Amino acid sequence: MTAAAGEDRDRTRGDAPPERVSNSLGQLLVVKLEESRWTGSFERLLYRHRPGGAFLQSLRSAESTAELLAKISRTLEAPPLLWLAEEGGKDGPLGAFLPPLPSLRTAAERGPSAVARLGELIGSAMKLLGFNTNCAPTLDLASPSEQNVAARTFGSDPREVARCGEAFIHGLCRRRILACGKHFPGLGSLQPGPTARLPAVGKPMAQLWHEDLLPYRDLLPQLPLVLVSHAAYKAYDFDVPHAAAHSTNILEGLLRVKLRYEGLAVADVARAEDAQEALDPGEKAARCVKAGCNLLLVEARETSVESALAALRKAIDSGRLPAARIERSLKRIRLLRKVLTAPSGKVAKTALDQLARQFEDFSRGMNLNDCEHGRQSHNGARRQSGEPQIA
């Protein structure tokens, strides 16, 4: 079935009343808080628009985080998706009150078992606080031209990225945390360019399939959510470049039809970098959902949320966005939320202290391995070529 055929099917189905769909549009949104505080304006936003979840971008203390997540959950009644983006490294949000963890790259250098342990520790902390969804792991391939993001990737070998990605997902899963792989179909080949232009990946389709897409081909059955890239892909939209999150060819033709993905496709319409597309948040939201995204990350501001919802309602009313497409997204969201439980709002100090020790022990183990690896390399350099190495 082609992407066009999928749109035709949407238009011919009449089993989703537009009024019911319009009243549930807030469920398509996850609101992103810049500052993790409970305020009157945030409470009113939750009550008025009933979003499907909240994404905390910074944390203050374990106690305040747990309390905030519990308030969000109580306000939205049905357990919402409570997001964090944590993959380890010195800049991870959990570092606000827990010892720092190694980066994805550092763990990957030790192998999948270390990556699985990293995912498990992160999952334990998130579960203790009340989160249920991690915007991780990054499945992009490392690129020599993007050294600043190298620590946030598992490496440049697609099969190694797939192996480590699977280990990280399993670590999260053991603590009942949902994983969201990013950034589909891959940003490893993104060429740096002027900010006034839509960033683009120029790899041929066959090369993308065997390289950037390989981790997704292996891991999509294990990923309940995928975050879609903000870049354009010439292999799929050559004549008129579209950001992947706006591309029917990528979301329907590649993700749904060719790769048969059944989970949630997520678009971040709050990205500041997307200003280069000269689109307001509402238009971006409408384009993403029309192309096939199921869940939208938006700023936790009344203007941003209202703009997105108004654009979606207008697109439904005009026939540009079939109500049946919204209904399918709502169904996917409802199925995912069935596995969620409400956070308690409390953090036991003994549990937090024990977790902090586990973080320190894991990081110390990584450092000891680094030292041992350095000694072996130094000794090896002093050996003559014919001298046997000691295992």
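In this predicted model, lysine 32 lies over the face of phenylalanine 55, at 5.3 Å from the ring centre. A second arrangement of this kind involves lysine 258, whose charged end sits over the ring of tryptophan 209, 4.5 Å from its centre.

Rings also meet other rings here, and the count comes to 3 aromatic pairs. Among them, tryptophan 38 and phenylalanine 42 form a pair that is edge-to-face, and the rings of phenylalanine 184 and tyrosine 216 likewise make an edge-to-face pair. The values for these two pairs are set out below.

| Aromatic pair | Centre to centre | Angle between planes |
|---|---|---|
| Tryptophan 38 and phenylalanine 42 | 5.6 Å | 80° |
| Phenylalanine 184 and tyrosine 216 | 5.1 Å | 90° |

The partners of the pair formed by tryptophan 38 and phenylalanine 42 are placed as follows: tryptophan 38 is partly exposed, with a relative accessible area of 24%, whereas phenylalanine 42 is buried, with a relative accessible area of 5%. In the other pair, phenylalanine 184 has 0% relative accessibility and so counts as buried, and tyrosine 216, at 0% relative accessibility, counts as buried too. This pair links distant parts of the chain, since phenylalanine 184 belongs to strand β5 (residues 178–184) and tyrosine 216 to helix α9 (residues 214–219), 32 residues apart.

Phenylalanine 42 leads on to helix α3 (residues 40–49), in which Phe42, Leu45, Leu46 and His49 are buried. These four residues cover an arc of only 100° around the axis, and therefore they lie on the same side of α3. The face of α3 turned away from this buried side carries the exposed residues Arg44 and Arg48. What covers the buried residues of α3 includes strand β1 (29–33), together with helices α4 (62–76) and α12 (302–318). Just after α3 the chain reaches arginine 50, which takes a positive phi of about 50°.

The interior can be described through the largest nonpolar core, which has 114 residues, and of these Trp83 and Leu296 touch the most other members. Helix α6 (residues 112–129) gives the most to this core, with 9 residues. Which residues is leucine 296 in contact with, leaving aside its neighbours within four places in sequence? Its partners are Leu28, Leu29 and Val30, then Ala267 and Val269, then Ala285, Cys288 and Val289, and lastly Leu312.

Definitions and conventions. Residues are numbered from 1 along each chain as its sequence is written. This is a predicted model: local features need pLDDT of at least 70, side-chain atom pairs count only at pLDDT 80 or more; totals for chains, interfaces and linings use all residues. Side-chain values use heavy atoms; hydrogens and water are left out. Rings of Phe, Tyr and Trp (its six-membered ring) pair if their centres lie within 6.5 Å; planes under 30 degrees apart count as stacked, over 60 as edge-to-face and the rest as tilted. Buried means under 20% relative accessible area, exposed over 50%, partly exposed in between (1.4 Å probe, protein chains only). Helices (H or I, at least four residues) and strands (E, at least two) are DSSP runs, numbered from the N terminus. A charge sits over a ring if NZ of Lys or CZ of Arg is within 6 Å of the ring centre and within 35 degrees of the ring normal. The arc is that of the directions from the helix axis to the C-beta atoms. Contact means heavy atoms within 4.5 Å. A nonpolar core is a set of buried Ala, Val, Leu, Ile, Met, Phe, Trp, Tyr and Cys residues joined through side-chain atoms within 4.5 Å.
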